[in-house]
Structure formats: structure tokens, C-alpha cells
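Here are my notes on the model you sent over. Have it open while you read.

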Amino acid sequence: MHLNSHFFKRNTVLVAQDLLGKFLVRKIGKNKLSGMIVETEAYVGPHDLACHASKGKTDRTKVMFEPAGTWYVYMIYGMYYCLNIVTEAKNYPSAVLIRALEPTNLIEFMVKNRNLVPSSQLSVPSRKKLSTDHWALITLSDGPGKLCRALRIDKKLNCTSAVSKDAKLYIEDRGVKISKAKIVKSKRIGVAYAGSWKDRKLRFYIKGNQFVSQV
DNA sequence: CAAGAGATCATCT
DNA sequence: GATGATCTCTTGA
């Protein structure tokens, strides 16, 4: 089931947790790439000092004031994109950052998009005790910049809708249920500048899942 | 293995 | 002019 605006027009922390186990679907021509969301972060509003919109409504952040179910894509460090979905009421700037996926469909297509070195040249940390092929799979979309590259997500998708019928990028419920006991809460990554908000446990991931980002 | 630097640019001061 | 919701590669122990 294609998630609609009612799903996203809710408390951001709830949406962030409920997105675990949902499937991100990217249509490229006839291809439908997809992966299960295994890690998210909540950016809960203008008072959240880690939230880009805490600095007000600017050209970059105006998309966060759009209705729930709008994509917010921005470039970070000059090289990577980050994918967020806008939540809560229109004009309340908040969003969920999608940080990692467990690839499920058209994995070869994602590997091409990532432009990776052959797995034969891959160095697997010895304590992981994994084959290079398995390691190549795990590191395909285990971070916000990597998953955007794997699914060819860039600024062209910024401010587009995830809930319209013809969306090229949207989220599906395929009936996977993640119990509360399997959701780990931790500090958000890379927000040391956010004062009293930097230590809030607004990052969520599926306990024990191999595809969660390495921190 | 850990730690550090470099890539590279949109955004805000 | 500085910095960042990141990732990868190099260095050195």
C-alpha cells in the first residue's frame, strides 16, 4: 500500500519510528528499485536546533513548510544528497531523515548507480567475518548519502510529492511490522552544533539489522 | 584497526 | 568566508 498524507501528517517522532519496516520505492523508467527503511532521524520543528528550519524560512528550508508527504532533498558537503520527508501540519517545519535501507529489489541496478569498485578489491574488516559479496551488499545503502546515490535521488526530487499517484519516489507498507522492542533510540549523527538538542534521542533503527549505518 | 584529511558546493553570515 | 543531517581514501601503529 502506497502511504498517503495521513501517515505523514502526524507527530514527527511517531512517523520516524513507524517508517522502520516500510519500503522506499524509486521508479526509474520501467524499473522499480526498492529497499526497506531500517534507520531514520526526526527533526521535530523550528525549536529543534538541529533542524535546518530552526534558522527560519529560507530558500533552502521553505520546502519544510509544505504539506506532509513532500520530499526534502538537499546537498551536503558538496558531494552527497540527503533524503527527508516532510511531516506534521502545513507550515509546521519538520521532517524525517531516511538514513539507511536494506536493499530488496534491483540490487544490480543500485550497484551500478553507486559506481563501486569490484567486490574482489573490497577490504572487509576482519572482525566482520563476511564474504566480499555480502559486504558489498551491506555497504550499498547503509547511510543517507549512499542510499541517495543507489536510488539516483538528487535535487530534482526536492519539493515533489511522495503521496501523489504518479510519484517517482514514494513509500509502501508491505505488511512488515517492527515491534517496539526492536526499535533502538539513540542520538542523532553529526549534530554536535545543536546545543541542548544534540543529545536528544531522535535517531531510530532496527535492533541488530546489518544495514544500519556504521557510526 | 583508528584517526585524519580531502572531496566539493549550496547555503548562510 | 566558513561550514555542514557524508563518505572514502590514506596514513601509521
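The points below go from the overall fold to the two DNA strands.

1. Ground rules. This is a predicted model, where local features need pLDDT of at least 70, side-chain atom pairs count only at pLDDT 80 or more, and totals for chains, interfaces and linings use all residues. Residues are numbered from 1 along each chain as its sequence is written, chains are lettered from A and ligands numbered from 1 in the order in which they are written, and side-chain values use heavy atoms, with hydrogens and water left out.

2. Fold. Chain A has five helices and eight strands (DSSP runs numbered from the N terminus: H or I of at least four residues for helices, E of at least two for strands). In sequence order the pattern is α-α-β-β-β-β-β-α-α-α-β-β-β.

3. Size. The radius of gyration of chain A is 17 Å, which agrees with the value near 17 Å for a compact globule of 215 residues (C-alpha atoms; the rule is 2.2 Å times the number of residues to the power 0.38). The C-alpha trace spans about 50 × 40 × 35 Å along its principal axes.

4. Packing. In chain A, 47% of the 215 residues are buried (under 20% relative accessible area, 1.4 Å probe, protein chains only). Of the contacts in chain A between residues at least 6 apart in sequence, 66% join residues at least 24 apart (contact means heavy atoms within 4.5 Å).

5. DNA strand C, surroundings. Around this strand sit 21 residues, the closest being His52, Asn84, Arg114, Gly145 and Tyr193 (near means a heavy atom within 4 Å). Sugar and phosphate make up 52% of the atoms of DNA strand C that come within 4 Å of the protein. Strands S3 (71-76), S4 (80-86) and S5 (95-105) and helix H5 (144-150) each supply at least two residues of this surface.

6. DNA strand C, atom pairs. A polar side-chain atom of Arg114 is 2.4 Å from a phosphate oxygen, and a backbone N or O atom of Pro144 is 3.1 Å from a phosphate oxygen. On the base side, a polar side-chain atom of Tyr74 lies 3.3 Å from a base nitrogen.

7. DNA strand B. Residues surrounding this strand include Thr58, Arg60, Met75 and Lys155. Here sugar and phosphate account for 74% of the strand's atoms that come within 4 Å of the protein. A polar backbone atom of Ser126 is 2.8 Å from a phosphate oxygen, while a backbone N or O atom of Tyr77 lies 2.5 Å from a base oxygen.

Terms used:
Polar contact = N/O pair within 3.5 Å; in protein donor to acceptor, adjacent residues only side chain to side chain. Buried < 20%, exposed > 50% of the residue type's maximum accessible area, 1.4 Å probe, protein only.
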